[in-house]
Amino acid sequence: MQKYLVMIKLSPNMAAKLYEPLMEFEENPVEGVKLEEAYQVFGQWDFAILFQADTNEKALRFVSDKIRLIDGVLETFTIPIVPIKNYRK
């Protein structure tokens, strides 16, 4: 499975409202997608979700059908990631 990081930008004052939908996601919100971790971040983006998907199409389906439809989401930026070194043993 390929890993992805989706960055999420919200409307001002909407961060608290995103917590609830994020907490309601199951580990497998759509077929072929497995959520790993969600983060609150600072700066240009407000939240990030690390997930795995069987295919790019399934990753895009998760982002477009689940993330972008959440009230207050202004923008997403999805990045396929490939580890180059594992620091945890």
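This passage walks through the sheet, the helices and some side-chain contacts of a predicted model.

A good place to begin is the sheet. Four strands make up an open sheet, arranged in the order β2-β3-β1-β4, and their pairing is antiparallel. Strands β2 (33-40) and β4 (73-81) take the edge positions; each has a single partner strand, so one side of each is left without a neighbour in the sheet. On average, and with direction ignored, neighbouring strands of this sheet are turned by 20 degrees against each other. As general background, strands of a sheet pair through backbone hydrogen bonds, in either a parallel or an antiparallel way. Here, strand β1 (residues 2-10) and strand β3 pair in the antiparallel sense over seven bridges. To find this pairing in the structure, it helps to look for Q2, which stands opposite A53 in β3.

The helices come next. Helix α1 (residues 15-24) packs on the sheet and touches β1, β2, β3 and β4. The direction of α1 makes about 25 degrees with that of β3. Helix α2 also packs on the sheet, touching β1, β2, β3 and β4, and the direction of α2 makes about 140 degrees with that of β3.

Aromatic rings offer another view of the fold. A search of the whole structure finds four aromatic pairs. One of these is formed by F51 and F62, whose rings meet edge-to-face, with 5.0 Å from centre to centre and 65 degrees between the planes. This pair links distant parts of the chain: F51 belongs to strand β3 (residues 47-53) and F62 to helix α2 (residues 56-67), eleven residues apart. Both F51 and F62 are buried. Together with Y4 and F25, these two residues form one aromatic cluster. Elsewhere, a charged side chain meets a ring: K9 lies over the face of W45, at 5.1 Å from the ring centre.

Strand β3 also holds a polar residue worth a look, namely Q52. Is Q52 buried or exposed? Its relative accessible area is 16%, and because buried means under 20%, Q52 counts as buried. The side chain of Q52 makes a polar contact with the side chain of E36, at 2.3 Å. When neighbours within four places in sequence are left aside, Q52 is in contact with M1, Q2, K3, G32, V33, K34 and E36. Among these contacts is Q2, the residue already met opposite A53.

Note on methods: Residues numbered from 1 in each chain as written. Predicted model: local features only at pLDDT ≥ 70, side-chain atom pairs only at ≥ 80, totals over all residues. Heavy atoms only, no water. Phe/Tyr/Trp six-rings, centres within 6.5 Å; stacked < 30°, edge-to-face > 60°. Helix = DSSP H or I, 4+ residues; strand = E, 2+ residues; numbered from the N terminus. Buried < 20%, exposed > 50% of the residue type's maximum accessible area, 1.4 Å probe, protein only. Lys NZ or Arg CZ within 6 Å of the ring centre and 35° of its normal. Polar contact = N/O pair within 3.5 Å; in protein donor to acceptor, adjacent residues only side chain to side chain. Contact = heavy atoms within 4.5 Å. Pairing = 2+ DSSP bridges. Axes fitted to C-alpha atoms, helices over the stretch in contact; angles between N-to-C directions.
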